[in-house]
Structure formats: C-alpha cells, structure tokens
Amino acid sequence: MPIPVAQVQQLLTWLAVTAALLYWIRSWRRSRTPGLLAMVKALAALDVALILGTDWGVHDWLFGIPTLPNYIVHVLTLSSAYWLQVFVLYLAHPVDTIPAKVRIRTRILIGAQLALSVLYLLGPLPGKLPAINAEAGDHIFVVAYLAVFELYLGLAMFDVVYVGRHAKDLPRGYLRTGLRLLRWGGICGLAFVAHKALYSLAVHFNLNPPWAELGNIGASRVLTTAGILLLMAGVTVPAVVPRRQLRRHHRALEPLWRDLTTFAPELRYDAAPTRRVFGRPDVTDLVRTRLTEINDVLVGPLQPYLDPAVYSAALQPTEVPSSASRAHAQAVTIATALVTAEHGAPVHAEYPVAFTPGEATDDYREEAAWLATVATAYSTSTAVAEILKETSSHAADPVH
C-alpha cells in the first residue's frame, strides 16, 4: 500500500524538527542560557504539534472530540512561535535589553491564548465540526477563532522577519546565516497567514478559490513545510557550524599542544572528557581542556623562557603587524622558548608575551580560533622548523 505524499511530508518535517530538538537539548545541557532554553521550548512545542496534527485516519481519537487535536495544535503552534521570537531576540539584541521586549510579547501571547480558548468553547466545540479550518467559514466563532490564530502567528512571523534585519550586524558568519534563514522561514510563515486569511474570506463570501488550501500540494501545506524547514535550518546553523569549527581548531592545536605537554607532562589532565551519544567525546570539553593545558604551560614552566625581544624581532619584517604576522611571531617565540628551556637560561622578562587575540576576550571559541592560528603557524613555518631543529640536534649530540 503506497504511503500518501502528505504523510511523507509530515514525517520528513517531524524528523527535521526532532533532530533539531535533540541537538538543542544537548546544547542547552552544556550551557543553560535563556536563549538556548527558548529554542528548546519552541522546538518541543512544534514537535508535539506536528505529532498531534498528523492525520491518523481517526478524527475523534482524542476523547471523542474531533476538533480537540486542532485546538491543542493551535495552542502549541502559538507557543512555539512565541519562543521562537524570544530566541531571535537573544540572537540579535544585547542581553540587557531583552527582558522588557519579552514582557511585551508575553502579554500579547497570553491575550491570544485566552481569546483562542474562549472562541473554541463558543464555536468549534459546541458546533461538533470535523476540523477547524477555512471550510467552516460560515460559523462566525470559527472565523473569529481562525482570525485570532492567524493574526498572532502573522505578528510573530513579522517579528522574526523584522528582527532578522539585524543579521548583517552580527559578528559571526554562521549567526548571520542562521538569522537570514530564520527570516526567510518567517516570510514563508507570513505568506501562509496571508493566504489562510484570504482563503477564509473567500470561502465566507462563497468565492471558492480554484486551488486547494490543504491536500498533498495545497498552498498551506507547501508554505508550512517550506517555512518549517527554513526555520529548522536557521536554528540548526548556529548550533552545528560552531561545533564543526571547534573540531577543526582541536585538530589544528594538536602539534603545539603535543610539544608543550611533552615539555611539561605534569600539566596534562587525566580526567576523561564528557561523552555524548554513542560514546563520542564532547568536542567542547576536548577543546577547553586543550586550551587550558596550553595556557597552563605558557604561563607556568615555560613563562621564564618566553622572550619579548624574540617576539619583537619576528614582527620586524612587517611594517603594520597583521593577525597572521602576530600569530607567526608568537609561534616563533614559543619555539625559541622550548629550545632555550632545554639548553639555556631563563629570560625573566619584565613584560611577558600575551598569547591572545588583538583584543582580550572571555569567549573560549575566539581563544580557540586564535591559538589554532598560532598552532598552524607553529606547525607550518619554516622559521619555527629551523628553531626546533636545534632541540633535535642537541638530543642527537648530547656533548654539543
């Protein structure tokens, strides 16, 4: 028996939402911030709404009331839209400005949910309708019910689209991409609301549109599927891309970390990293541990051998130091310090070399990106290779 196209679309959409939900739950467990929690709630509400909104072939399966699943789906959809608004606020605005913005949106949500509940009790419930949709356009309370639902959903999607205009101002590329995808998902949501409202009006005035609202290729299904998939892509990009970057940084740090911890093996951590699903180590823990071990060696046993004069000399060929030249100079300084520590006296510089980006940061991701750049210079620079040969030659010829 062939599977209906509509059910395939629903299944794929539900799988996309569920995968995103599981990913964001793991992210929230690692960093319990309000923005992450808002996204978890938005995805959880949408996930349940998709399950309840699936056509199981039995219309009165929930307490014998055909329209009750529709009502719950609408309540969950409005809640999901609200939490998506909150998430986008955290993505695009300073944290200290968000509580006031959230309070306004919370009041609007409460008003919409109350209106939806009252209108459901007055119209769809006593009317014993098979479903709450535009086909019941001759019921005044059903029309009002759908108007409240569509008005709030349209307002929420407009909010997402409007806030999404700040995408160009975000500092990281993956955040800009994620917010732009969210904005396009919001545009699909706005199109869905506009179409549903106009379709309902047309049915109410006995102007039957020549296209289907629902069904396998109905306008509502196409717009909701496209909107949900774009929204899922928008919320997934900010979660997935940083982890891919961390994995690259973790690999890039390997040569520098290996040499530094070989120099001071007592500073290596023995604790096992946190394990994710299927026993895979968590890359965030791996990177943070590696950063801590590198910094512990640099500010600890290797610090007396880090010579600012070596760093300044390595910068001299460039008139205006760039990020690449500073990273190379820091790599040369570390290599020279390792050689000096093996066979020379400490420098005891008055002002130590700072192995940080141009501007101080508390973000471990920015620190990882910078030290990965230094580590890449350390492993690829011919100057560093020549310096490290001294250590090899001394090891091969102890009398030297």
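This passage describes the helices, burial, salt bridges, aromatic pairs and surface patches of a predicted protein model.

The overall fold is considered before the details. The model contains 13 helices and zero strands. Read from one end of the sequence to the other, the elements follow the pattern α-α-α-α-α-α-α-α-α-α-α-α-α. The protein has 400 residues, of which 44% are buried.

Helix α1 spans residues 5-30, and several of the features found in the model involve this element. Q9 is placed in helix α1. With a relative accessibility of 22%, Q9 is classed as partly exposed, because the term buried is kept for residues under 20%. Q9 and R221 are 212 residues apart along the chain, yet their C-alpha atoms are separated by 8.7 Å. A nonpolar patch lies on the surface and is formed by V8, L11, L12 and L15. Together these four residues have about 350 Å² of accessible area. L12, one of the members of the patch, is found in helix α1. The relative accessibility of L12 is 52%, so this residue counts as exposed, the cut-off being over 50%.

Aromatic side chains were examined next. The structure holds five aromatic pairs. One of them is formed by W24 and F87, whose rings meet edge-to-face, with 5.4 Å from centre to centre and 85° between the planes. This pair links distant parts of the chain, since W24 belongs to helix α1 and F87 to helix α3 (residues 68-92), with their positions 63 residues apart in the numbering. Both partners have low values against the cut-off of 20% for burial: W24 is buried at a relative accessible area of 3%, and F87 is buried at 4%.

Another pair, made by F158 and Y162, is stacked, with the ring centres 5.9 Å apart and the planes at 20°. F158 and Y162 both lie in helix α6 (residues 140-163). They are four residues apart, which corresponds to about one turn of the helix. Here the partners are partly exposed: the relative accessible area is 47% for F158 and 44% for Y162. In addition, Y71, Y120 and Y145 are joined into a cluster through ring pairs.

Charged side chains provide a further set of contacts. Side chains of opposite charge can pair when their charged atoms come close. The structure holds four salt bridges. Among them is the contact between R258 and E254, with a distance of 4.0 Å from N to O. These two residues are four positions apart in helix α8 (residues 219-263), so they are separated by about one helical turn. R258 is partly exposed at 40% relative accessibility, and E254 is also partly exposed, with a relative accessible area of 28%.

E254 has a further partner in R290, and the closest N and O atoms of this salt bridge are 3.1 Å apart. The contact between R290 and E254 joins distant parts of the chain, as R290 is in helix α9 (residues 283-299) and E254 in helix α8, 36 residues apart. At 8% relative accessibility, R290 falls under the cut-off of 20% and therefore counts as buried. R258 likewise takes part in a salt bridge with D259, in which N and O are 3.9 Å apart. D259 is partly exposed, with a relative accessible area of 24%. Taken together, E254, R258, D259 and R290 are linked in a network of salt bridges.

A patch of positive charge is also present on the surface, where R165, K168, R180 and R183 gather. R183, one of these residues, lies in helix α7 (residues 173-204). The relative accessibility of R183 is 32%, so this residue counts as partly exposed.

In summary, the model is built of helices without strands. Pairs between helices include the aromatic contact of W24 in helix α1 with F87 in helix α3 and the salt bridge of R290 in helix α9 with E254 in helix α8. On the surface, the patches include a nonpolar one with L12 among its members and a positively charged one with R183 among its members.

How values were computed. Residues are numbered from 1 along each chain as its sequence is written. This is a predicted model: local features need pLDDT of at least 70, side-chain atom pairs count only at pLDDT 80 or more; totals for chains, interfaces and linings use all residues. Side-chain values use heavy atoms; hydrogens and water are left out. Patches are made of residues with over 30% relative accessible area and no salt bridge: like charges are joined within 9 Å, nonpolar side chains (Val, Leu, Ile, Met, Phe, Trp, Tyr) within 5 Å. Accessible areas come from the Shrake-Rupley method with a 1.4 Å probe; for residues, only the protein chains shown count as cover. A salt bridge is a side-chain nitrogen of Lys or Arg within 4 Å of a carboxyl oxygen of Asp or Glu. Lys and Arg count as positive and Asp and Glu as negative; His and the chain ends are not counted. The place of a charge is taken as NZ of Lys, CZ of Arg, CG of Asp or CD of Glu. Buried means under 20% relative accessible area, exposed over 50%, partly exposed in between (1.4 Å probe, protein chains only). Rings of Phe, Tyr and Trp (its six-membered ring) pair if their centres lie within 6.5 Å; planes under 30 degrees apart count as stacked, over 60 as edge-to-face and the rest as tilted.
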